[in-house]
Amino acid sequence: MTTSTEQSLGAEATAPEMGMAPIRREHRTVASYLLMPVFLALVCLGLYLYVQSKELDTIEQRALNASRLGTAGWEHVQLTIVSTIFVILIAIPLGVFLTRPFTRRFRGVLLTVANIGQALPTIGVLALFAVAFVFIGFKAAIVGLVAYTVLPVLRNTMVGLQQVDENVLEAGRGMGISKMGVLTRIELPLAVPIILAGVRTALVINVGTAALATYINAGGLGDIIVAGLSTNRLTVQITGAVLTAVLALLVDYLAGIAEDVLRPKGL
Amino acid sequence: MTNFGTVDGTAGRIMIRLENLRKEYPKEPKPAVDDLTLEIPEGEIVILVGPSGCGKTTTMKMINRIIEPTSGRIVVDDKDVTHEDPDQLRRRIGYVIQQIGLFPHQTIAENIATVPKLLGWDAKRIDARIDELLETVSMSPATYRNRYPKQLSGGQRQRVGVARALSGDPAVMLMDEPFGAIDPITRDRLQNEFLRLQAEVRKTIVFVTHDIDEAIKMGDRIAILEEGSRIAQYDTPEQILTAPASDFVADFIGAGASLKRLNLSRVRDIQLTEWPTVARNADGAAVLDALRASDKGCALVLDEQRRPCRWVSAADVQRGDGRAIDEIGLPPDAVVEPQATLNDALNELITANYSVAIVVDAAGVYQGIVDIDHINEAIRGMRTAARAKARAGLVEDRDEDLLTKGTTT
Ligand SMILES: Nc1ncnc2c1ncn2[C@@H]1O[C@H](COP(=O)(O)OP(=O)(O)O)[C@@H](O)[C@H]1O
Ligand SMILES: [Mg+2]
C-alpha cells in the first residue's frame with residue numbers, strides 16, 4: 001500500500017507541473033507516544049522511593065498518606081477539568097461571535113484585551129483572591145480559574161478563525177453554502193488546531209493556578225504544599241510540588257494527543 | 001453618459017442581462033460600477049478586461065451577488081435575480097477565483113461534491129459526477145479523488161477549481177482571473193484545455209482578466225472596460241483588433257495588433273506544409289533522396305508510429321559516417337498540437353533549429369509543418385477579411401441611419 005503510493009508519487013514528480021508539495025504529517029511513532037507516560041511513572045516511582053527512604057514523623061505521616069494524597073489529587077483534577085469545560089463553553093462561542101463581520105471595527109482592541117491575560121500568570125492569583133472577597137470554596141475557585149483562562153482560549157479562537165484564508169471562505173459562499181454552513185463546515189474545522197492549542201494552554205495554566213485554590217478553601221494539591229510549608233516539612237512540600245508538576249505534564253500530554261487526533265486531515 | 005454593451009441579433013439568446021447596474025462603495029467618491037448595462041449571450045465566453053481597479057471584479061461579483069448592487073437589475077436566464085435568495089442563486093452559477101480557494105481540510109472528491117450535496121443529489125450520482133469531472137479536467141480519479149489540495153501542484157488545483165465550479169452543471173460560470181497566478185507555460189496549457197472543454201459544455205461564461213492577450217485568446221466577445229466599469233468597446237476579438245473604438249481601446253490593445261490577431265486562429269484551421277519525411281529504419285541515402293525531391297534543407301525522421309524523432313540534413317548524413325539516421329542531426333523541437341494558436345506556433349518556431357513548428361495530433365503522430373510563410377499569410381488574410389467586415393458594418397449602419405431618419409421625418 002505505502003510503496004505503491006510512493007511509486008505513483010515519484011512517477012508523477014517527473015513532470016514539473018505535477019510536482020507535489022511535501023506532505024507534512026505528524027509521524028509520531030508509538031514509542032514517542034509512550035515516552036512521556038513512562039517518564040512520569042518513573043518520576044512518581046522516584047518520589048515514592050524518596051519518601052519511603054525517609055523516617056516520617058507523625059505530621060509527615062498525616063500529610064502523606066494515600067487517601068489524603070488521592071483526595072487532594074482528585075480535587076485538583078476536578079478543579080482543572082470543570083474550569084476548562086466552562087472556559088470552552090464561554091470562550092469559543094464568544095470568539096465566534098466576536099469575529100463576525102460586524103465587529104470588524106473594534107476587533108483589534110478586543111484582541112489586545114484578550115492578550116493581556118497571556119503574559120501575566122499573577123493575574124490568576126489576583127482573580128482567585130478577588131473572587132474570595134465574595135465567596136470561597138470549590139465554586140469560587142472555578143470562577144477564578146475560568147475568569148483567568150477564558151482569555152487565552154478566546155484569543156486563540158479569534159486568531160484561529162481570523163487566519164482562515166479569505167479566499168476559501170469566499171469560494172464557499174460563492175458556491176451557495178449558507179453563512180452557518182461556512183462557519184461550521186469550513187471556518188471552525190480550519191481553526192481547530194489553533195483553538196485546541198489555546199485549550200491546551202488553558203488546561204496547563206489551570207493545573208498550576210489550581211494549586212493556589214487551597215487559599216480559598218477549594219482543596220487540591222495546594223493543600224499538601226501549604227501543609228508542608230506551614231509545618232516546615234520539606235518532604236511534604238516536595239511531594240505536593242512534584243505531584244502538581246506531574247499532573248501538569250500529564251494534562252499537557254493528553255491534550256497533545258487530543259490535538260493530533262482532532263486536527264483535520266489535509267492541513 | 002451611456003454605458004451600454006448590447007449585442008446584435010446574430011448572437012444567441014441573452015443569458016445574463018445587467019440593467020443599469022451600479023455599485024457605490026461607502027466613502028468612495030466615484031462609483032466602482034457606473035450604471036452598466038450589459039448583455040451576455042448564451043454559450044459564449046464574454047471577457048471583462050480593463051486596467052486594474054476599473055471595476056471588473058465588482059461587476060462580476062454582482063452577478064452572483066457576492067457584492068450587492070447599489071441599484072439596477074440582474075437578469076439571469078430570463079429571471080430577475082436581483083432579490084433572489086443569494087445561496088440558491090449561487091448554487092446555479094459556477095464560480096472560480098484566482099486563488100481557487102479549495103477547502104484544505106477536504107479531499108478533492110469532497111471539494112467537488114460541495115454543490116451537488118447542497119443540491120441534494122444522492123450519493124451514487126455525486127460519486128459518478130466526481131469521477132466524470134476529474135476525467136474531464138484530465139486528472140485520474142483513482143489517483144486524485146482522495147488527495148488533499150496541498151498534495152497537488154498549482155495547475156492541478158486550478159483544474160480541480162474548475163471541476164468544482166462545474167459540479168452542479170450550472171448554465172453560467174463566473175471566472176475571476178482564473179489563470180492569473182499560474183506560470184506562463186502551465187497557463188497556456190490550461191487555457192487550451194479550458195477552450196476544448198468549453199467547446200463540449202457550452203456554458204455561458206463571464207471571464208475577468210487584465211491581460212488583453214488572454215482576452216483575445218479566450219473570448220468569443222470582449223468588453224473593454226474603463227474606470228467605473230464603463231464600456232469602451234463590446235465586440236468580438238476580431239473587431240476589437242481591427243477597429244478599436246477609441247484611443248483608450250487602441251492603447252489598451254497596445255502595439256502589435258496584427259501579432260495579437262494570431263491568437264485568433266489555430267493551427268488546425270490552416271493548410272499545413274508538406275515536408276520531406278523518412279522512416280527511422282531507412283538509411284542516409286533515403287534522406288538524401290528525400291531532400292533532393294524537395295526544396296527543403298532537412299528531412300524529418302519519423303518512428304514506427306509516425307511520431308517525429310529527429311531532424312536530419314544532408315550535412316548531417318555526410319558527417320554521420322553511416323550511423324543510424326535517428327542518431328545524427330538534431331532532436332525535433334517546436335512541437336505543437338492542432339488546437340494551438342498561430343501565436344503559440346510562432347513562439348515555438350522562432351526559437352526552433354529550422355524555424356518551423358512540427359504539428360502532431362494528441363497521440364504525437366506527425367501531421368505537417370507550420371512555417372513563417374504561413375504566419376505571414378494568415379496575418380494578411382485576417383487583415384483583409386476584418387477590413388472588409390468593418391466596411392460592411394459601416395454601410396449597414398448608414399442604411400439604418402437613413403431608415404430611422406426616414407421614419408421620424
Ligand atoms: N470593498 C471595497 N471597498 C471600497 N472600495 C472598493 C472595494 N472593492 C473594490 N473597491 C474599489 O472599486 C474599484 C473597482 O475595484 P475592482 O472591481 O476590484 O477592480 P478590478 O477587478 O477591475 O481590478 C477600485 O477603485 C477599488 O478600489
Ligand atoms: Mg479584480
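**Ligand 1 and the cysteines in a predicted complex**

Let me begin with the shell around ligand 1, whose residues divide into three nonpolar, five polar and two charged. I should say straight away that what you have in front of you is a predicted model, so please hear the values in that light, as computed from it.

The residues that surround ligand 1 are Y25(B), E28(B) and A32(B), together with S52(B), G53(B), C54(B), G55(B), K56(B), T57(B) and T58(B). Oxygen atoms of the ligand make several polar approaches here: one is 2.7 Å from a polar backbone atom of G53(B), and a backbone N or O atom of K56(B) lies 2.9 Å from an oxygen of ligand 1. With T57(B), by contrast, it is a polar side-chain atom that lies 2.6 Å from a ligand oxygen. Ligand 1 exposes 560 Å² when taken alone, and the protein buries 59% of that area.

How far does the predictor trust the model? For the complex, the predictor gives an ipTM of 0.80 and a pTM of 0.79. Chain B averages a pLDDT of 89, with 95% of its residues scoring at least 70. One stretch of chain B deserves caution, namely residues 396-409, where pLDDT stays under 50 and the model has zero contacts beyond four places in sequence.

Let me finish with the cysteines. A disulfide is a covalent bond between the sulfur atoms of two cysteines, and over all chains the structure holds zero of them. C309(B), for instance, is in no disulfide, and the nearest cysteine sulfur, which belongs to C298(B), is 14 Å away. Is C309(B) buried or exposed? C309(B) counts as buried, because its relative accessibility is 19% and the cut-off is under 20%. C44(A), at a relative accessible area of 31%, is partly exposed.

Conventions: Residues numbered from 1 in each chain as written. Chains lettered and ligands numbered in written order. Predicted model: local features only at pLDDT ≥ 70, side-chain atom pairs only at ≥ 80, totals over all residues. Heavy atoms only, no water. Near = heavy atom within 4 Å. Polar contact = N/O pair within 3.5 Å; in protein donor to acceptor, adjacent residues only side chain to side chain. Areas by Shrake-Rupley, 256 points an atom, 1.4 Å probe, with all protein chains shown as cover. Nonpolar A, V, L, I, M, F, W, Y, C, P; charged D, E, K, R; others polar. pLDDT = per-residue confidence, 0-100. Contact = heavy atoms within 4.5 Å. Disulfide = S-S within 2.5 Å. Buried < 20%, exposed > 50% of the residue type's maximum accessible area, 1.4 Å probe, protein only.
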